[in-house]
Amino acid sequence: MNRKYRKALIAGNWKMNMTSSAVKPFVEGLRAALPKAKSCDIAICAPFPLIPALARAVKDVSRIGIGAQDVCEFKSGAYTGDVSCDMLTDLGVKYVIVGHSERRAYHGEDDFKVNAKLRAAIDAGMTAIVCVGESAEQRERGLTMEHISYQVAAAVCGLTDEQAKRCVIAYEPLWAIGTGAVATADQAQEVCAQIRAVIKRRIGAKTARAISILYGGSMNMKNAASLLAMPDIDGGLIGGASLKPDDFAAIIAATAQEQHNG
């Protein structure tokens with residue numbers, strides 16, 4: 001993590017979990033467990049129906065940003081079931097995940113759709129957390145770098161320098177999402193360094209240096225510090241552990257530990 005040029009971010013992805021009535025107790029528990037010193041930005045990406053409850057719960061907790069898990073690339077219209085950028089920003093949403101592997105796999109979202117969603121989110125003033133990652137088979141066949149490089153290039157295609165700086169890239173190896181398997185710190189660093197190299201080639205060195213890159217895929221309170229110690233890993237996109245206030249707070253605290261050790 002290089003704090004001289006970029007911010008650390010720990011973002012929770014609740015996926016399809018939690019209920020409106022459980023949001024306030026969760027936030028109260030998280031608030032009580034958070035370290036007093038602010039060592040990173042914090043976001044919680046909630047399912048659409050829970051965003052109003054989350055907004056109410058974090059109203060007096062300025063250090064927690066509100067996030068969504070997806071957004072439609074179109075501004076408005078006949079898109080039944082979709083949610084627009086304006087709807088999200090009206091609720092106070094600051095972050096939105098785009099291109100999560102589950103959206104790609106279960107809803108057929110390709111790289112061009114991910115790029116369109118990313119651009120819409122950025123133009124609406126949100127920070128887009130765009131996910132990339134390889135499957136177990138792609139890694140076994142030695143295709144990780146080629147696959148990741150294409151996903152990143154496609155995601156940032158057509159972005160200006162200023163637009164790109166509103167992106168966060170989350171590296172989530174598919175074989176480590178919700179499985180308990182975790183890329184080693186060295187494996188994660190290797191891919192995150194490649195992501196930064198692709199951005200440097202596509203947009204420029206200054207932008208590449210400024211963009212935060214997260215690791216996702218079973219990051220937890222035990223392995224967070226070793227992952228965050230890597231120079232190109234600037235935070236985490238946290239799944240299961242973000243549903244437990246104490247565990248989530250411990251990962252957030254690991255950014256302070258990394259800062260102290262670094």
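Where does Met18 lie, between which strand and which helix? I looked it up in the predicted model: Met18 sits in the loop between S1 and H1.

**Entry: the loop after S1**

I then checked Lys15, and that residue is in the loop between strand S1 (9–13) and helix H1 (20–33) as well.

Next I pulled the backbone torsions. Most residues other than glycine have a negative phi. Lys15, not a glycine, has a positive phi of about 55°. Met18 isn't a glycine either, and its phi is positive too, about 80°.

Are these residues buried or exposed? Neither label fits, since partly exposed runs from 20% to 50% relative accessible area. Lys15 comes out partly exposed because its relative accessibility is 21%. Met18 is also partly exposed, because its value is 25%.

**Entry: strand S8**

I moved on to S8, residues 235–238. Which way do its residues point? Gly235 and Leu237 go one way, while Gly236 and Ile238 go the other. I noted that this is the textbook pattern, as side chains in a regular strand alternate between the two faces of the sheet. All four of these S8 residues are buried.

**Entry: neighbours of S8**

Which strands pair with S8? I found S1, running parallel to S8 and joined to it over four bridges. Gly12 has Ile238 of S8 as its bridge partner.

I also found S7 (residues 212–216), again parallel to S8, with two bridges joining them. For Tyr215, the bridge partner in S8 is Gly236.

How values were computed
Residues numbered from 1 in each chain as written. Predicted model: local features only at pLDDT ≥ 70, side-chain atom pairs only at ≥ 80, totals over all residues. Heavy atoms only, no water. Buried < 20%, exposed > 50% of the residue type's maximum accessible area, 1.4 Å probe, protein only. Pairing = 2+ DSSP bridges.
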